[in-house]
Each structure stands twice: as structure tokens, then as C-alpha cells.
Amino acid sequence: MTTEPGAPSDEEALEHRLSSPSPALVQDAARIDSDLVILGAGGKMGPTLAMMARRALDEAGRRDVAVHAVSRWSDTEVRERLESAGVSTVVADLASPEVESQLPDGGHVVFMVGAKFGVTGQEYRAWLTNAALPHTVTQRYPQARISALSTGNVYPLTDLRSPAPDETSPTGPVGEYAMSCLGRERVFEAAAATRGTRLALVRLNYAVEPRYGVFADLARTILDGRPVDLTTGFVNVVWQRYANEVVLRSLLHASAPEPFRINLTGPETLSVRTAAETLAAALGTEVTFDGQESDSALLADATRCHELFGYPDVPARTLIGWQADWIEKGGQLWDKPTKFQRRDGQF
């Protein structure tokens, strides 16, 4: 087995890498003068984002600023890991009518709550979480700076002969999940327009790291001997460490009455066929395909993000190599598929 250069050696090394702040983030953290509250911190991105925030504040000399990670915290191991890193964990059910009284004070808020998978047939769950909860949050934190995770799904599928949508492009969500995410944006926008809540809307397309993401999905399909579906033949992804950093740095760009909007993804438009072939070669196996590439895909233009925050520090081809290396070492894969292939908006 050949170790890919720079690949994380184990889970501890991976989480250290994912939570490593850049000098630019440390400079921004020095300007944060009130506690940071991370809502929905128990998800895929939340733990390493919370640790990154704590590390950046510590390196900036702002130990007076607390980082509160809010979740139901069913995973006690993750909660203990955050506490040992200096992050304050807060147990709260964000769906509870009494949630406002359960939430800690803070002048900076990262909103990471979302409902996507398993809501088909119970679409109201997506609307309650994605569109109703933001109203509660803005009532609790009307004067805060809020960086709210949104999704590139608010855009329509893009004709591959046309430029990908940027932040000024019309929205056109496909399916009720995407509609509810646009609803989330609109509710947050109302707070910015009517109460002056400073807001950053971060439209993320497919964060990846070795335990989950588009490349993990492809690897699992290849190793199971199943054909890779090519109907959605192109995709955008971004290294999760960079995604964590952009979400945090967006706090200082939050604005009102007009929100700050940013597309967050990598600069490459990746061919699913090429990515699968590259991954299969790195794994020493073969790959088969099903279907043909459609003439449209869910894509986004993140030029503005790269101009403001720099390019992702790990490119897609390196991430593919890291994915293969992780699997060959027996690294854990989370059972959290992205379902990036879906074109009907039903997840």
C-alpha cells in the first residue's frame, strides 16, 4: 500500500486537519468580541467547525470568547471530545417550543440545522426545520451576526453549455427540500430587512472528507461492485476544512438590510466518470457505469468565495487520492450518503 502524500493517517489526525484554522481566520477571530453559538453542531460538519472556532480564538488570544455548541448530543463521545477541546456543549432540542429559553447568549451565531433525508412523504418536517426554525432563531438573536448554512439546491439544474449560477443568478429550487431551503433564506432575509439582523447566507455544494461525501459515496459503490450512475454526470465538491473556515469567516461579512450571499464550493466542475475511474484505479479495482451523462447538473460558481477567502487548500484530485488511502487503511466510512445523483429533488 502506498500512502498518498499529506493524507491523514487516522481519525485523530483527520479531525486535527479539519479543525486547523488558517492565519487569516485567526486574524478574523481576533475581531470577534462576543460569544459564538453554533446551532446544530452535532451534524457532519459541526464538531470540527466548533473545534476550529475554538482553536482560532485561542490562537488570537480571545479566550474570553466562549464557543457554545448546541445539539441534542445523542453521540456522547463527540460531545466529550468537544468539551476536552474547550468547547462548551449545550443540550437543546431545537424543535421544542421552549427552545428559546434553552439557548445560550451570543453575539455571533452559526446556523447549521437542516432536514433533508427521509422527509419524502413527510415534507412538513423539512419546512418546520428549514423554514420555521430560522424565525425562532432570529427572535432569540435579533442583534447577532448570523452565518446561516444554505445549499446550492436553491438554484435550478444548470445546462452544461451555460455558466454556473453565481450569487446574482435567479433561484429555481427543484423539489420540496430545495423549496424549504429557499424558504429558510427568505425567513432569515426578513429579519435582516425588518430588524437589522446581520446575515450571511452560505450556499454550500457538497463538502467532502474521507468519512463521507461524494468521493466516499463513489468508493462505496465501486467496492460493492455496483455500477456508478452517470445520469448526473458532473458535480462540485469542496474540502470540508475550507468549508468550515468560510462559514466562520463569513460572520464578519454578515450584513443588513441586504444579506451577504456566498456560493461555497470548489473551483472544479468534476466529471463523475473521471472521478470514479481515478478512484477505482487508486483502489486497484475496476468500475462499471450505468446510463449516460445528462446535459444539466446542480452546479455553482464560487468565484466570489475564492476571491474573498482564497482557493481551497486541498484540490479535488488530491482528495480522491486521500479517499482511496483512507479506505486502504481501513478508515471509518459514515453511512450518510449525499444522494448527489438525485435530479428530482426527492431525498
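Select Leu39 and Val70: Leu39 stands opposite Val70, which belongs to strand 2. The model on the screen is a predicted one.

**Stop 1: strand 1 and its partner**

Extend the selection to strand 1, residues 36-39, and to strand 2, residues 67-71. The two strands run parallel and are joined by four bridges. Strands of a sheet pair through backbone hydrogen bonds, either parallel or antiparallel. Now show the side chains of strand 1. Leu36 and Ile38 point one way, Val37 and Leu39 point the other way, and all of them are buried.

**Stop 2: the whole sheet**

Next, colour the strands of the sheet that holds this pair. The sheet is open and has seven strands, in the order 3-2-1-4-5-7-12, with parallel pairing. Strand 3 (88-91) and strand 12 (260-264) stand at the edges, and each has a single partner strand, so one side of each has no neighbour in the sheet. On average, neighbouring strands of this sheet are turned by 20° against each other, direction ignored.

**Stop 3: helices on the sheet**

Select helix 3, residues 46-59. Helix 3 packs on the sheet and touches strand 1, strand 2 and strand 4 (108-111). The direction of helix 3 makes about 170° with that of strand 2. Then select helix 4, residues 76-84. Helix 4 lies across strand 2 and strand 3, and runs at about 145° to strand 3.

**Stop 4: strand 7**

Move along the sheet to strand 7, residues 198-204. How many of the seven residues of strand 7 are buried? Six are, and strand 7 is therefore largely enclosed by the rest of the structure. The cut-off for buried is under 20% relative accessible area.

Strand 7 pairs with strand 5 (residues 145-151): seven bridges join them, and they run parallel. To see one facing pair, select Ile146, which stands opposite Leu199 in strand 7. Strand 7 also pairs with strand 12 in the parallel sense, over five bridges. Here, select Ala200 and Phe260: Phe260, in strand 12, is the bridge partner of Ala200.

**Stop 5: three backbone details**

Go to Tyr206, in the loop between strand 7 and strand 8 (207-208). Tyr206 is not a glycine, yet its phi is positive, about 60°. Is Tyr206 buried or exposed? Its relative accessibility is 13%, so Tyr206 counts as buried.

Then select Pro257, in the loop between helix 9 (240-249) and strand 12. The peptide bond that leads from Ala256 to Pro257 is cis, with omega near 0°.

For the third detail, select Lys339, in the segment after helix 12 (316-328). Lys339 also has a positive phi, about 55°, although it is not a glycine. With a relative accessible area of 32%, Lys339 is partly exposed.

**Stop 6: two helices side by side**

Finish with helix 6 (residues 123-140) and helix 7 (residues 175-195). Their axes are 8 Å apart, and the helices pack at an angle of about 15°. Angles under 35 degrees count as roughly parallel, and helix 6 and helix 7 are therefore roughly parallel to each other. Their crossing is right-handed.

Show the side chains where the helices meet. Helix 6 contributes residues including Trp127, Asn130, Pro134 and Val137. Among the residues they meet on helix 7 are Tyr177, Met179, Arg184 and Phe188. By class, this contact has eleven nonpolar, six polar and four charged residues.

Conventions:
Residues are numbered from 1 along each chain as its sequence is written. This is a predicted model: local features need pLDDT of at least 70, side-chain atom pairs count only at pLDDT 80 or more; totals for chains, interfaces and linings use all residues. Side-chain values use heavy atoms; hydrogens and water are left out. Axes are lines fitted to C-alpha atoms, for helices over the stretch in contact, and angles run from 0 to 180 degrees between N-to-C directions. Angles under 35 degrees count as roughly parallel, over 145 as roughly antiparallel, 65 to 115 as roughly perpendicular and the rest as oblique. A crossing is left-handed if the near helix is turned anticlockwise from the far one by less than a right angle, and right-handed if clockwise. Contact means heavy atoms within 4.5 Å. Ala, Val, Leu, Ile, Met, Phe, Trp, Tyr, Cys and Pro count as nonpolar, Asp, Glu, Lys and Arg as charged, and the others, Gly among them, as polar. Buried means under 20% relative accessible area, exposed over 50%, partly exposed in between (1.4 Å probe, protein chains only). Two strands pair if DSSP finds at least two bridges between them.
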